Amino acid sequence: MHNRRVSLPRRIAHLDMDAFFASVELLRYPQLQGLPVVIGGGRREADRLLRERHAGVPLAQIPVAAFPLLKDYVGRGVITTATYPARQFGVGSAMGMMKAAKLCPQAIVLPVDFDEVRRFSRAFKAVIREIAPVMEDRGIDEVYIDFTEVPGGQREGGRVLARLIQKSIFEATGLTCSIGVAPNKLIAKMASEFDKPNGISIVHEQDVQARIWPLPVRKINGIGPKSEEKLHRLHIRTIGELAARPREWLVDHFGASYGAWMHDAAWGRDERPVVTESEPVSMSRETTFERDLHAVRDRTELGAIFTDLCRRVAEDLRRKGYVGRTIGIKLRYDDFRTATRDLTLDHATDDAATIRRAAGQCLKRVDLGRRLRLLGVRVGKLAKAGSEAAAEVRTPVAAEHTPDLFHEGPAVERPATSKG
């Protein structure tokens with residue numbers, strides 16, 4: 001029996017929920033199915049007004065004409081995701097809303113409901129674990145799954161099991177997903193994009209040259225825009241052209257580690273296991289402002305935002321059972337330059353007031369003379385609450401008590417009850 005399991009060909013799946021944030025909203029507003037819709041921009045006020053104007057009317061019956069349009073959006077928000085009809089106009093994730101408005105002015109705008117999205121994220125992952133327990137969580141809308149020894153995981157290269165998972169997720173949530181099944185994580189991730197939405201793509205080792213090599217080099221997860229630009233300068237645009245270069249040549253141009261990895265990736269080699277539990281390195285919260293804010297002239301507004309970010313990070317830590325020692329901030333200026341600073345405390349914490357004080361100290365080490373478009377707070381060097389590494393989580397931290405420039409009054413208070 002043992003020998004039989006060892007000899008099974010490795011089958012790894014990458015599952016990606018289809019336009020996840022948008023799909024969750026379309027469950028709430030099914031009348032928008034088939035229309036260009038973008039999610040993002042932080043316009044919760046517009047969503048609230050929409051519901052107030054149609055109080056007593058079921059959400060599914062609010063007229064399509066009542067929804068806010070992208071052409072009317074004014075602000076600095078970015079798109080979280082877009083429906084496939086919107087993507088046909090070139091609109092995509094991380095694009096500025098104002099830029100997207102020029103490409104698809106008729107698109108409907110909806111804000112992100114993070115609580116609802118997290119609820120559906122937990123739901124679809126619970127469905128997967130019931131069927132195939134060796135699952136690696138890769139974020140709110142994607143996972144890797146080891147099909148190798150799961151019943152149905154070898155049939156038709158994994159298609160049978162993939163169909164079962166798709167069907168089970170749809171029955172439990174009403175949402176669709178796309179799945180790529182391949183010999184490893186690297187190829188599986190590429191394959192999950194082949195047949196979106198609601199597709200299943202099966203790739204075998206012998207398919208790499210025919211199906212992977214014609215793709216642009218950027219399709220390899222780990223090759224970013226700077227590496228892509230350098231590869232283009234070296235007349236390498238496809239994965240096949242990358243595979244044709246000797247390993248030594250790539251090492252000479254990209255360094256020993258990255259060059260060797262590029263060569264392996266181009267040939268479809270990846271031995272990384274599916275990791276069922278991985279500890280987070282850090283937790284963070286950030287927000288992009290609707291308009292640029294100034295540390296002095298908009299101090300009250302910035303102070304409230306800053307305090308709220310610290311509170312939300314603390315809530316994330318407590319909800320997931322972590323504490324952290326390193327508190328950091330992130331600022332993005334009006335010219336898109338980014339500044340980060342951090343401070344390591346003597347004791348780990350999940351306390352909002354402590355995080356706020358430490359983050360305030362970090363503010364004193366950055367230039368606050370420029371207007372800001374983004375503000376973020378991060379907690380790193382995490383440990384499980386209650387573990388030996390976090391034994392002194394409740395010990396007060398020694399910190400300066402002079403107000404930072406965003407100071408807006410009393411520090412935030414920690415709730416009386418906590419699962420810390």
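Strand S6 is mostly covered, with five of its five residues buried, where buried means under 20% relative accessible area, exposed over 50% and partly exposed in between (1.4 Å probe, protein chains only). Both of its faces are covered: Glu-142, Tyr-144 and Asp-146 are buried on one side, and Val-143 and Ile-145 are buried on the other. In a regular strand the side chains alternate between the two faces of the sheet. The model described here is predicted, so that local features need pLDDT of at least 70 and side-chain atom pairs count only at pLDDT 80 or more, while totals for chains, interfaces and linings use all residues. Residues are numbered from 1 along each chain as its sequence is written, and side-chain values use heavy atoms, with hydrogens and water left out.

Strand S6 belongs to an open sheet of five strands in the order S5-S6-S1-S7-S8, with mixed pairing. The names follow DSSP runs, numbered from the N terminus, with helices (H or I) of at least four residues and strands (E) of at least two, and two strands pair if DSSP finds at least two bridges between them. The edges of the sheet are strand S5 (135-137) and strand S8 (200-202), each of which pairs on one side only. Neighbouring strands are turned by 15° against each other on average, direction ignored; axes are lines fitted to C-alpha atoms, for helices over the stretch in contact, and angles run from 0 to 180 degrees between N-to-C directions.

Following the sheet from its S5 edge, one meets three bridges that join S5 to S6 in the antiparallel sense, and here Asp-137 stands opposite Val-143 in S6. These two strands form a hairpin with four residues between them, and Gly-139 in the turn has a positive phi of about 140°. On its other pairing, S6 runs antiparallel to S1 over five bridges, and Ala-13 stands opposite Ile-145 in S6. Strand S1 (residues 12-17) is in turn joined by six bridges to strand S7 (residues 177-182), again antiparallel, with His-14 opposite Gly-180 in S7.

Helix H7 (residues 159-173) lies across S1, S6, S7 and S8, running at about 160° to S7. What surrounds Ile-169, leaving aside its neighbours within four places in sequence? Ile-169 is in contact (heavy atoms within 4.5 Å) with Leu-15, Met-17, Phe-124, Val-127, Ile-128, Gly-174, Leu-175 and Cys-177. Ile-169 is also among the residues with the most contacts inside the largest nonpolar core, which has 40 residues, the others being Leu-15, Ile-128, Ile-145 and Ile-165. Such a core is a set of buried Ala, Val, Leu, Ile, Met, Phe, Trp, Tyr and Cys residues joined through side-chain atoms within 4.5 Å. Apart from the largest core lies another, of 32 residues, among them Cys-310, Ala-314, Tyr-322 and Ile-355.

Aromatic rings offer another way through the structure, which holds seven aromatic pairs. Rings of Phe, Tyr and Trp (its six-membered ring) pair if their centres lie within 6.5 Å, and planes under 30 degrees apart count as stacked, over 60 as edge-to-face and the rest as tilted. One pair, Tyr-29 with Phe-67, is edge-to-face, at 5.0 Å centre to centre and 85° between the planes. This pair links distant parts of the chain, 38 residues apart, with Tyr-29 in the loop between helix H2 (20-28) and strand S2 (37-40) and Phe-67 in the loop between helix H3 (44-53) and strand S3 (79-82); both Tyr-29 and Phe-67 are buried.

Tyr-258 and Trp-261, by contrast, form a stacked pair, at 5.5 Å centre to centre and 10° between the planes. Both lie in helix H13 (residues 256-266), three residues apart, about one turn of the helix. Tyr-258 counts as partly exposed because its relative accessibility is 25%, and Trp-261 counts as partly exposed at 30%. Tyr-258 is also touched by Ser-227, which touches Phe-254 and Met-262 as well, not counting residues up to four places away in sequence. Ser-227 is found in helix H10 (residues 225-233) and counts as buried because its relative accessibility is 16%.
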